[in-house]
Amino acid sequence: QQGDPVEAPAFLAASYACQRNTPQPGHNTLLTAALSVLAESAELNGDEGRGLAFRRSEGLLRSLDRRVQGLAELRGLPCLGDHSRRVIQDLLENGVSSEVEETKSSPRYKAMKLLTGIFGVGVKTAKRWFTEGICSLAQLETSGHSLNAAQQAGVCYYTDLNQPVSREEADAVSVMVEGVVHSVLPGARVTLAGGFRRGKMSGHDVDFLITHPDEGKEEGLIHKIIACLESRGLLLYQQNTRNTYRESAKGAGRPSSSMDRFERCFSIFKLTNDSSYTADNGTGSGGRPWRAVRVDLVVSPISQFAFALLGWTGSKLFERETRRWAVRERSMSLSSHALYDRNQERYLRASSEEEIFAHLGLEYVSPTGRNA
Ligand code: ATP
Ligand code: MN
Ligand code: MN
């Protein structure tokens, strides 16, 4: 290779996010934040395909090991479509992208972001409300729409739930969850998953995976955990589901669905500002001595734990890409429960994430490298 070094392809990058190491926050946050807005806007419009294309561009830029200074450095890299490259060029040349700025200030984007920011409100509901002219919480309240229990809690704790959860708060929640789990089932194991396991310093919730080394002991555990949390006054809201997963002779069920079938609980915790928890900002809105925090609790049998851990560690793009790799490159279907080899017509067992990557023919990526 010769010639101007600035003109040469500066980075080598694989096309699937699961083939790359993607630390947090990356060296191109100006670019990734902009592409994230466009991805989110497409997702809020219900345009999944377009959203995914921007997420892949964003993911690739996140994985680069240095700051991009010119478009030429991106020549030959995968995942970057014409549209993304135009946006990147604008940002590199002008410091801003007019498309991103227009998107951010559009009434539709602002309203959809606000409405989907309510716990329990998805894109479909938000769209319906926006079409009726609802753009704010005040307008929603006067609209006379009846809200379900999740949405009522979402409106009630709106401010708290839209304030990022800090690492200290996540640690405080861990202490609470471990205390409760160990008191209802000694020997059970609690593992922090989600963004905090990937090393993020803040998140929108705290995710936990719970298991027990003796298969079967975990059955029905979520109900005991909830009862104990409630008796201690730690829950503001909870919605639980039982385990409905069964292995079938035909393979891993619906591999395209990202919803799994574990026993689980989507909840809102009451995090009090006391001994175990000393962060300065430890009060909720209105100066209460506690704040509301979103917590996901998932119970997995030990035989599926490695798959559950991989599936609940994220990022969402990393998960999607791992499943896409499995199907397209290995003819396997991967879920948070199992890995099924369609050629051999059998399930491949694993007791660690490393074994799953090995089955898939992928180099192991540690949790902190999965921030695609
Ligand atoms: P944040 O900081 O915003 O919480 P996160 O990466 O932890 O970021 P989550 O939405 O909490 O995001 O999701 C964590 C992981 O759990 C993701 O990889 C996601 O795929 C998985 N996940 C979330 N909800 C479900 C669900 N209903 N069924 C299966 N997996 C899910
Ligand atoms: Mn999370
Ligand atoms: Mn979550």
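**Ligand shell, metal site and unusual backbone spots**

With a relative accessibility of 23%, Cys 79 counts as partly exposed (buried is under 20% relative accessible area, exposed is over 50%, and partly exposed is in between, using a 1.4 Å probe and protein chains only). The model is a predicted one, with local features needing pLDDT of at least 70 and side-chain atom pairs pLDDT 80 or more, while totals for chains, interfaces and linings use all residues. Residues are numbered from 1 along each chain as its sequence is written, chains are lettered from A and ligands numbered from 1 in the order written, and side-chain values use heavy atoms, without hydrogens or water.

Cys 79 sits in the loop that links helix H2 (48–63) to helix H3 (82–94) (helices are DSSP runs of H or I with at least four residues, strands are E runs of at least two, and both are numbered from the N terminus). What makes its backbone stand out is phi, which is near 75°, a positive value in a residue other than glycine. Ser 331 shows a positive phi too, near 55°, and is likewise not a glycine. Ser 331 falls in the loop between H14 and strand S8 (332–334), and with a relative accessible area of 23% Ser 331 is partly exposed.

Two cis peptide bonds also turn up. One runs from Gln 24 to Pro 25, with omega near 0°, and Pro 25 belongs to the segment before helix H1 (29–44). The other joins Gly 314 to Ser 315, with omega near -5°; here Ser 315 lies in the loop between H13 and H14.

Those helices bring the story to ligand 1. Its shell holds 18 residues, and the closest are Gly 195, Arg 198, His 204, Asp 205 and Lys 316 (a residue counts when one of its heavy atoms lies within 4 Å). By class, that shell has eight charged, seven polar and three nonpolar residues (Asp, Glu, Lys and Arg are charged; Ala, Val, Leu, Ile, Met, Phe, Trp, Tyr, Cys and Pro are nonpolar; the others, Gly among them, are polar). Domain 3 (165–305) and domain 4 (308–369) each supply at least three shell residues, with the bounds taken from an automatic or database domain assignment.

Oxygen atoms of ligand 1 pair up with several protein atoms. A backbone N or O atom of Gly 195 lies 2.8 Å from one such oxygen, and a polar side-chain atom of Asp 207 is 3.0 Å from an oxygen of the ligand. For Gly 311, a backbone N or O atom is 3.4 Å from a ligand 1 oxygen. On its own, ligand 1 exposes 610 Å², and the protein buries 84% of that (Shrake-Rupley areas, 1.4 Å probe). Helix H11 (194–197), strand S6 (263–272), helix H13 (305–313) and helix H14 (316–330) are the elements giving two or more residues to the shell.

Two of the aspartates around here also handle metal. Asp 205 (OD) and Asp 207 (OD) coordinate the manganese ion (ligand 2) at 2.0 to 2.1 Å (donors are N, O and S atoms within 2.8 Å of the metal, or 3.2 Å for Na, K and Ca; water is not among the atoms, so sites may look incomplete). Asp 205 does double duty, bridging that ion and the manganese ion that is ligand 3, with the two ions 3.6 Å apart. Both Asp 205 and Asp 207 are buried.

Last comes Ile 302, in the loop between strand S7 (290–299) and H13. Ile 302 counts as partly exposed because its relative accessibility is 27%. Ile 302 and Lys 217 are 85 residues apart in sequence, yet their C-alpha atoms are 9.5 Å apart in space.

Terms used: Polar contact = N/O pair within 3.5 Å; in protein donor to acceptor, adjacent residues only side chain to side chain.
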